[in-house]
Amino acid sequence: MKIVSGTSSISLSDQICKYLKTKPTQRDIKRFADSEVYVEIKENMRGNDVYLIQSTSYPANDNIMELLICIDSLRRSSAKNITAVIPYFGYARQDRKVVPRSPISAKLVANLITNAGANRVLTMDLHANQIQGFFDIPVDNLYAAPVLLKHILKNIGTKNIVCVAPDVGGVERARAIGKRLNAGLAIIDKRRERPGQSEVMNVIGEIKNKSCIIIDDLIDSGGTICNAADALIEKGAKEVYCYVVHGVLTGSCIDKIKKSKIKKIVITDTIDNTKKVKGVSKIEVVSIAPLIAEAIKRISQSTSVSSLFK
Ligand code: R5P
């Protein structure tokens, strides 16, 4: 088995390698002056089971291109199997035509990854589960839920809590975590007129005097969860916590979080935010590296991945 790290996921790959008691494959990934990507794999790949780790986070287009070029170089190096490990799968929000004459970019990215030569995709908390069907190769969609649950149990407990979906699309995720905590469910009725701007219309469910735990797949501009927290506090919630898998954290998101009514936000390291969140006491990062490493181990041994979540 070989682990190759793309440049967007170096620290995560190092942790995964540590868990698997192996070393990342020597490789050279550089940018030419005009920003073209140069890749050179420095070890023999012939006949190997290769796991290429690269989140397609900011800068999304550069990271996608690097992922594709790495896959191509591995394929041309005669790797036996190439698994694209994409802890954060960018473009997932563009999974359908929302207006006429618009693209389905998530499908295009899936086609690119498959055509570049990946044999399998390993990812985490896809924005919509059905994106798995955009690929004609196997996709393992992992869930950060066990890692988030562990943190909730240790730091908040199960008394007087309610899990909150910040929009209708997040109900399944919030319900799944709420069920394990034996907690009630509340739903925010969110409207979005344009990308990056959301507005809370209603809060559905019993939240008065409760510790509310918002569960979401990603935080981008921060509008969704900050507005949700305002609405929850206004309607009588005791306190608001957020558990979010992917910290996209664009623009003034961090400032918004600092000024918000949220007590604490827990994100994972599917995206490397080390520099951005340094010194921000409201944001805590938990690692999903052991979970991904364990999934890699099970894939390589052809044992069950789904049993990780039972
Ligand atoms: C929406 O469907 C997603 O699950 C997130 O709630 C949303 O993308 C977060 O975006 P923002 O932080 O910009 O409101």
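Tutor: Before we look at single pairs, one definition is needed: helices here are DSSP runs of H or I that hold at least four residues, and they are numbered from the N terminus. The model is a predicted one.

Student: Where do Lys297 and Glu294 lie?

Tutor: Both belong to helix 9 (residues 289-300), where they are three residues apart, about one turn of the helix.

Student: What makes the contact between Lys297 and Glu294 a salt bridge?

Tutor: The side chains of Lys297 and Glu294 meet at 3.8 Å, N to O, and the rule asks for a Lys or Arg side-chain nitrogen within 4 Å of a carboxyl oxygen of Asp or Glu, so the pair qualifies.

Student: Are the two partners, Lys297 and Glu294, buried or exposed?

Tutor: Buried means under 20% relative accessible area and exposed over 50%, with partly exposed in between. Glu294, with a relative accessible area of 13%, is therefore buried, whereas Lys297, at 32%, counts as partly exposed.

Student: Which residues are joined into one network by salt bridges that share partners?

Tutor: Asp72, Arg75 and Arg76 form that network. By the rule just used, the count comes to 16 salt bridges.

Student: Why is the pair of Asp125 and Arg173 called a salt bridge, and what does the pair tie together?

Tutor: The closest N and O atoms of Asp125 and Arg173 are 3.3 Å apart, which satisfies the limit of within 4 Å. Asp125 sits in the loop between strand 6 (120-124) and strand 7 (139-142), while Arg173 belongs to helix 5 (residues 171-181), so the pair ties together parts that are 48 residues apart in sequence. Asp125 and Arg173 are both buried.

Student: What is the N to O distance in the salt bridge of Lys261 and Asp230, and where does each residue lie?

Tutor: The distance is 3.6 Å. Lys261 is found in the loop between helix 7 (253-259) and strand 13 (264-268) and Asp230 in helix 6 (residues 223-234), so this pair links parts that are 31 residues apart in sequence. Lys261 is partly exposed, with a relative accessible area of 46%, and Asp230 is likewise partly exposed, with 32%.

Student: What makes the contact of Asp216 with the ligand a polar one?

Tutor: A polar side-chain atom of Asp216 lies 2.5 Å from an oxygen atom of the ligand, and a polar contact needs a pair of N or O atoms within 3.5 Å, so the condition is met. An N or O atom in the side chain of Asp217 is also 2.5 Å from a ligand oxygen, and a polar side-chain atom of Thr224 lies 2.5 Å from one. Taken alone the ligand exposes 380 Å², of which the protein buries 89%.

Student: How many residues surround the ligand, and which element gives the most to the shell?

Tutor: There are 14 residues around the ligand, and strand 11 gives the most, with four. The shell divides into two nonpolar, five polar and seven charged residues.

Student: Why is the aromatic pair of Phe32 and Tyr38 called edge-to-face?

Tutor: The structure holds three aromatic pairs. In that of Phe32 and Tyr38, the centres are 5.9 Å apart and the planes stand at 80 degrees; rings pair if their centres lie within 6.5 Å, and planes over 60 degrees apart count as edge-to-face, so both conditions are fulfilled. Phe32 is partly exposed, with a relative accessible area of 45%, and Tyr38 is partly exposed, with 28%.

Terms used: Residues are numbered from 1 along each chain as its sequence is written. This is a predicted model: local features need pLDDT of at least 70, side-chain atom pairs count only at pLDDT 80 or more; totals for chains, interfaces and linings use all residues. Side-chain values use heavy atoms; hydrogens and water are left out. Helices (H or I, at least four residues) and strands (E, at least two) are DSSP runs, numbered from the N terminus. Buried means under 20% relative accessible area, exposed over 50%, partly exposed in between (1.4 Å probe, protein chains only). A residue is near a molecule or strand if one of its heavy atoms lies within 4 Å of it. A polar contact is a pair of N or O atoms within 3.5 Å; within protein, one must be able to donate a hydrogen and the other to accept it, and residues adjacent in sequence count only if both atoms are side-chain atoms. Accessible areas come from the Shrake-Rupley method with a 1.4 Å probe; for residues, only the protein chains shown count as cover. Ala, Val, Leu, Ile, Met, Phe, Trp, Tyr, Cys and Pro count as nonpolar, Asp, Glu, Lys and Arg as charged, and the others, Gly among them, as polar. Rings of Phe, Tyr and Trp (its six-membered ring) pair if their centres lie within 6.5 Å; planes under 30 degrees apart count as stacked, over 60 as edge-to-face and the rest as tilted.
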